[in-house]
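I opened this model to look up two things in turn, the protein surface beside the DNA and the relation between the protein chains. My entries follow in the order in which I looked.

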2 protein chains.
Amino acid sequence: MGKREEKIASIIQHTTRLLVHEGVGGLSMRRVADLAEIRLSNLQYYFKDREALLKATVAHYFEQCKTDVLQSLPSSDTKEIKLESLLRETLQKGLVLGDTNEQCAMFREIWALSTRNTSIAALVKEYYQHYCQWLVQLMASYTPQPQLIVSLLMPYVEGYSVMGQALPLTKEEVIDLLVKTVLVVIDQ
Amino acid sequence: MGKREEKIASIIQHTTRLLVHEGVGGLSMRRVADLAEIRLSNLQYYFKDREALLKATVAHYFEQCKTDVLQSLPSSDTKEIKLESLLRETLQKGLVLGDTNEQCAMFREIWALSTRNTSIAALVKEYYQHYCQWLVQLMASYTPQPQLIVSLLMPYVEGYSVMGQALPLTKEEVIDLLVKTVLVVIDQ
DNA sequence: TACATTTTAGGTCATTTGACCAATTTATTG
DNA sequence: CAATAAATTGGTCAAATGACCTAAAATGTA
């Protein structure tokens, strides 16, 4: 990584931290410059304004998500495992309560931003579409209707991070329920 | 509604609009005062600071949600209808894509806020818990396991508003899938 | 009416913010 | 080495903002 890339990485990292801990309201060029220990005008040299910095930071976030997801998905050559194990494993990782998770906090900000920022909204949509595709591809080895399973599980996982803490079931009970549900549905 | 209540209602209404259209960043006491056509100091008389205004506005939002939900739920004395119809009707209303809906936009802001504001986070959690209870109560007339159905559908509906637009299924297909799923699961 | 309370008006002040600029330093390259 | 571009610095400026204050006006009440 060249010096330029390193510096940009540092800027984006501090911007991300600021976003997570203070929200969009707390994000200003000056504060980022302070955190990254560079002058305001130097920051402006790399990102001409707040908007550009924000866009780059969000794009970087989804890049990171992509890497995380693709790594965490079981590789498709270990097809020996049962569909049930795959589901359990995936759900165990995927079901996260949003209020205890830094990555979720970042997503909340992005989601709110996307309401009024079409280019950020496009990034969100694009990411979810890719995510769907990866999962469909993964599931395709186990069932003739991967789209069905994905359409059933993805919104659930996202919704769980929003309001899972208000559910009358524990995470384990939820996983049992979902696994059972999926297995029953594809048997139909 | 007394003059005082009318004025407070107007302030909260304009605050809500501002939040939806500009985000938390665009929310300042001055702008609210301008929109509500009162002096800044008058606004400060009713809400001592931004924080108090925000809290009251969020609380009002959830009050409104409560009213909406309780009204839209079929009254429990019309038990003649089938569970399937109930599910279809509820899902038709509940499955909303977040990017086309003003109420969703407001929720996005609130959700982002709740990351760093415990009292707002408490309002969110409280609302979802009540929402769960209402639905459990409603479903209780149709199945011995209402909690199961609610635990299955509520996160899904919330998640659908987040990423439904990236799903490979249409809303109608999603509803068919969910209804079928629920009916199969409770038959087990 | 006279008094107390609530509500409104107008203004100041210190801070923060984004935008902009001129000058200087640090690579890079011919 | 010299010239050119890239990177960095320090600083100014106007606008916006929250907090604060005082006085007046409206309203209710004894």
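**Surface near DNA strand D**

I began with the surface near DNA strand D in this predicted model, and found that its largest share, 4 residues, comes from α3(A). By class, I noted 4 nonpolar, 5 polar and 7 charged residues on that surface.

I then asked which residues come nearest to DNA strand D. Of the 16 residues around the strand, I listed Arg4(A), Lys7(A), Tyr45(A), Tyr46(A) and Arg30(B) as those that come nearest. On the DNA side, I recorded that sugar and phosphate account for 53% of the atoms of DNA strand D that come within 4 Å of the protein.

**Side-chain pairs**

Looking up individual atom pairs, I found an N or O atom in the side chain of Arg39(A) 3.2 Å from a phosphate oxygen of DNA strand D. For the bases, I noted a base oxygen 2.9 Å from an N or O atom in the side chain of Ser41(A), and a base nitrogen 3.3 Å from such an atom in the side chain of Gln44(B). I also wrote down the elements that give two or more residues to this surface, which are α1 (3–22) and α3 (40–46) of chain A, with α2 (29–35) and α3 (40–46) of chain B.

**Relation of the chains**

Last, I checked how chain A can be laid on chain B, and found a turn of 180° with a shift of 0.0 Å along the axis, at an RMSD of 0.1 Å. I therefore entered the relation as that of a two-fold axis. In chain A, the C-alpha nearest this axis belongs to Gly159(A), at 1.8 Å. Because 100% of the interface residues of chain A are also interface residues in chain B, I concluded that the copies meet through the same surface.

Definitions and conventions: Residues numbered from 1 in each chain as written. Chains lettered and ligands numbered in written order. Predicted model: local features only at pLDDT ≥ 70, side-chain atom pairs only at ≥ 80, totals over all residues. Heavy atoms only, no water. Least-squares fit on C-alpha atoms with pLDDT ≥ 70 in both. Contact = heavy atoms within 4.5 Å. Near = heavy atom within 4 Å. Polar contact = N/O pair within 3.5 Å; in protein donor to acceptor, adjacent residues only side chain to side chain. Nonpolar A, V, L, I, M, F, W, Y, C, P; charged D, E, K, R; others polar.
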